[in-house]
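Hi,

Here is the structure I promised to pass on. Have a look at it first, and my notes follow underneath.

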Amino acid sequence: MNQIQCKGTEESLSKTVAIPIELYESTLGQYFIGYADNLVFGKYTNAWARLYNPIKSGVILHVNVWTVTDVSDSAFRAQFWFNATPPDSDIEYAAVTPTNLIIKPQPRAKIRLEYASNVLGDPTGGIKAFVRCAQPETTLVESENGKIIIGEGGNFLVFLSTPETPGLLTSGRIAFGFWEEKIKNNRKCNG
């Protein structure tokens, strides 16, 4: 809060500015974005991408926004899981970048964006929180405003499948915006 003293008066005025939490976290160098591109699935396989908070990361993950883009000609299903184990697959890692490009050296995310294509099976454990259907050549977007909070060892997983047309090959893209909150010594979170 800034105090302003006006010349010629004995009153002081207070000015408070409200900014979105995303902007605040970005000014601190704690807001990051990233995406998993060219997720290929169908022909009886699936794909997934997740934000994974490693054990002993020292941070709490706040999911702010997610997007799922259907870049093909067929519809698919997007399932959103909390703390699930993805099917066995070759995990790849997507780049994540801070959104505040002024800070030097650039902050590095502790959260990892992992993904896999052409996998067999479904996630296990965890909680299937919600499901959305993606239509051809459209993007689903949801702003969570940081209310999805994941502790160390946990994850926010988006799982893509084509249950209505399992024999068709399709592709998609998943993007995330999130911030990291440092865990204070007296606060513990479990994934």
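A word on naming before anything else: helices and strands here are DSSP runs, numbered from the N terminus, with at least four residues for a helix and at least two for a strand. Keep in mind that this is a predicted model.

With that naming, the protein reads β-β-α-β-β-β-β-β-β-β-β-β-β-β along the sequence. That comes to one helix and 13 strands.

The part I looked at most is an open sheet of six strands, in the order β7-β9-β4-β12-β6-β10, with antiparallel pairing. At its edges stand β7 (92–94) and β10 (127–134); each has a single partner strand, so one side of each is left without a neighbour in the sheet. On average, neighbouring strands in this sheet are turned by 20° against each other, ignoring direction.

Inside that sheet, β6 (residues 76–82) pairs with β12 (residues 155–161) in the antiparallel sense, over six bridges. If you want a spot to zoom in on, Arg77 has Ser161 in β12 as its bridge partner.

Now the protein overall. Its C-alpha atoms fill a box of roughly 80 × 35 × 30 Å along the principal axes. Of the 191 residues, 42% are buried. Among contacts with a separation of 6 or more, 86% are between residues 24 or more positions apart.

As for the outside, the accessible surface is about 10,700 Å², and 53% of that belongs to carbon and sulfur atoms. On the charge side, there are 18 positive and 19 negative charges, and their mean positions lie 7 Å apart.

Cheers

Definitions and conventions: Residues are numbered from 1 along each chain as its sequence is written. This is a predicted model: local features need pLDDT of at least 70, side-chain atom pairs count only at pLDDT 80 or more; totals for chains, interfaces and linings use all residues. Side-chain values use heavy atoms; hydrogens and water are left out. Two strands pair if DSSP finds at least two bridges between them. Axes are lines fitted to C-alpha atoms, for helices over the stretch in contact, and angles run from 0 to 180 degrees between N-to-C directions. Buried means under 20% relative accessible area, exposed over 50%, partly exposed in between (1.4 Å probe, protein chains only). Contact means heavy atoms within 4.5 Å. Accessible areas come from the Shrake-Rupley method with a 1.4 Å probe; for residues, only the protein chains shown count as cover. Lys and Arg count as positive and Asp and Glu as negative; His and the chain ends are not counted. The place of a charge is taken as NZ of Lys, CZ of Arg, CG of Asp or CD of Glu.
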